[in-house]
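Subject: Structure handover

Hello,

Here is the structure we spoke about, with the sequence alongside. My notes follow below it.

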Amino acid sequence: MGGLGRLFDTRDARVRMMLLDLSGLGYLLFVPHSGPAPTVTQWILAVAAFAGALVTYRRPVVNLVLQTALLAVAVCLIDDLTINQVGASWALLEVTMLSARARTIWLAAGLLAVVDLTDSIGDPPRRVASGVVGLALEVGVPVLLGLVIRTNRELGRQAVERALAEQRRRESESRAARADERSAIARELHDVVAHHVASMVLRVGVARHVLTDLDPRVDEVFDDVHGTGTAALSELRRLVAVLRNPDGVRGDAALTAIEPSALPSALGAAVDRARQGGITVEADIDAAIGSLDAVRGLAVLRLTQEALTNVARHAGPAARAHLVVALHGGAVHWEVTDDGGGVDGDSAPTVPAGGGHGITGMSERVEVLGGRLEAGPTGTGWRVRTVLPNTLPETAAGPAPRAREVPAASAAPEPA
């Protein structure tokens, strides 16, 4: 039924008329006739029917009236009515398929039936009965076929509408599920993480005012901890607000973003904060990253913050780190290496119990953007690097490759 539906598609009316005209022309030229060859009058009526069908293919009712009028003339002037009968019957089929009102279909069928029966006026009863039976072919079949095509077309339209409605329902359920997940995460962030961070910031603030006779270096550490905690609390509150209002963002990738022009200064602040912790950081940052898109810009910033934090936690304050952020052909080349200096039992900073999830989180962030994170020992230190491509991966391409596993027996400490 698919091929039949394609043939009788509304957009292919001209093609149907051309095929019909070619069939009629072939009938006149190549089909043997029991009587004399087609007369001039028959040719004139046939050509008029051919031309009328092509000119009025967009207006099926007009075509039906024209073809029926030509059939009425043919009944009076010629004996072979085949061309004009087929033309009128086909016009009735087009009206049945395309008419918006059922009344138009039945009026058209009645008009054609009346004209067909005029050919039987004055004939013997047997021939009149034969003409009435012929209406089943000339009028009944076009109406029946047209109704079948209309019904099939309507069923197809309803199926498409149901599929679209089902797709919208699934998308709505998916959005609702994501909103519930975001709300749950927002509650946990607000009730647990934000609460503890706020408590830490408050206690550090109290300590700054209560402990007045402190070494300036200790006071500087207090100031840095208080500033870091305040900034973290501000970001947590912003994240909670965004999670609770998913309609305010354009998808998960834009959950939090950074203005591209602010990326160089944000990276500079991350480097300065690492230096305040005692790490010697050499930064090679391409000035062109100011034109980077917001999603990849945020990824670069978060990767840099996490990597420098790992250097401070695992390589110690005496370590030297090298940050590279460059753009090549639209792709972002990012790398952080350290020399592993300062790792010993006395100077290494205390790491909270339990394994960290820094590398896992960095890897997941990179995979979303179609990149691959490489992390592992290099010389006496550690290296983390990736390339963020210029375009996001296609969904059909499947998940991005996992980050390379780090050997468990490595002499270098495992990042958080």
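A word on accessibility before anything else: buried means under 20% relative accessible area, exposed means over 50%, and partly exposed is what lies in between, computed with a 1.4 Å probe on protein chains only. This is a predicted model, in which local features need pLDDT of at least 70 and side-chain atom pairs count only at pLDDT 80 or more, while totals for chains, interfaces and linings use all residues. Residues are numbered from 1 along each chain as its sequence is written, and side-chain values use heavy atoms, with hydrogens and water left out.

Overall picture

The protein has 416 residues, of which 33% count as buried. Its secondary structure comes to 11 helices and 5 strands; these are DSSP runs numbered from the N terminus, helices being H or I with at least four residues and strands E with at least two. Contact here means heavy atoms within 4.5 Å. Among contacts with a separation of 6 or more, 69% are between residues 24 or more positions apart.

Confidence

The predictor's confidence in each residue is pLDDT, which runs from 0 to 100. Its mean over the protein is 78, and 80% of the residues reach 70 or more. Among the elements, strand S3 (residues 331-338) has the highest mean, 94, and helix H1 (residues 2-7) the lowest, 54. The pLDDT is below 50 over residues 248-256, a stretch with 12 contacts in the model beyond near neighbours in sequence. It is also below 50 over residues 393-416, where there are 38 such contacts. Where pLDDT is low, the predicted coordinates should not be read in detail.

Helices

Helix H3 (residues 40-55) packs against helix H4 (residues 60-77) at an angle of about 175°, with the axes 10 Å apart. Angles over 145 degrees count as roughly antiparallel, so H3 is roughly antiparallel to H4. On the H3 side the residues that meet H4 include Leu-45, Ala-49 and Ala-53; on the H4 side they include Leu-66, Leu-70 and Leu-77.

Helix H5 (residues 82-98) has 17 residues, which at 1.5 Å a residue should span 24 Å, and its end C-alpha atoms are indeed 24 Å apart. The expected span is 1.5 Å times one less than the number of residues. Because 12 of its 17 residues are buried, H5 is largely enclosed by the rest of the structure. Among the buried ones are Ile-83, Asn-84, Glu-94 and Met-97.

For helix H10 (residues 294-315), the 22 residues should span 32 Å; the end C-alpha atoms are 31 Å apart, which agrees. Gly-316, just after H10, takes a positive phi of about 90°.

Single residues

Asp-116 lies in helix H6 (residues 102-118) and is buried, with a relative accessible area of 11%. Leaving aside neighbours within four places in sequence, Asp-116 is in contact with Leu-71, Gln-85, Leu-135, Glu-138 and Val-139.

Ala-231, in helix H8 (residues 216-244), counts as partly exposed because its relative accessibility is 37%. Its C-alpha is 9.9 Å from that of Val-201, which is 30 residues away in sequence.

Gly-371 sits in the loop between helix H11 (358-368) and strand S4 (374-378). At 5% relative accessibility, Gly-371 counts as buried. Gly-371 and Pro-389 are 18 residues apart in sequence and 6.4 Å apart in space, C-alpha to C-alpha.

Regards

Note on methods
Axes fitted to C-alpha atoms, helices over the stretch in contact; angles between N-to-C directions. Parallel < 35°, antiparallel > 145°, perpendicular 65-115°, else oblique.
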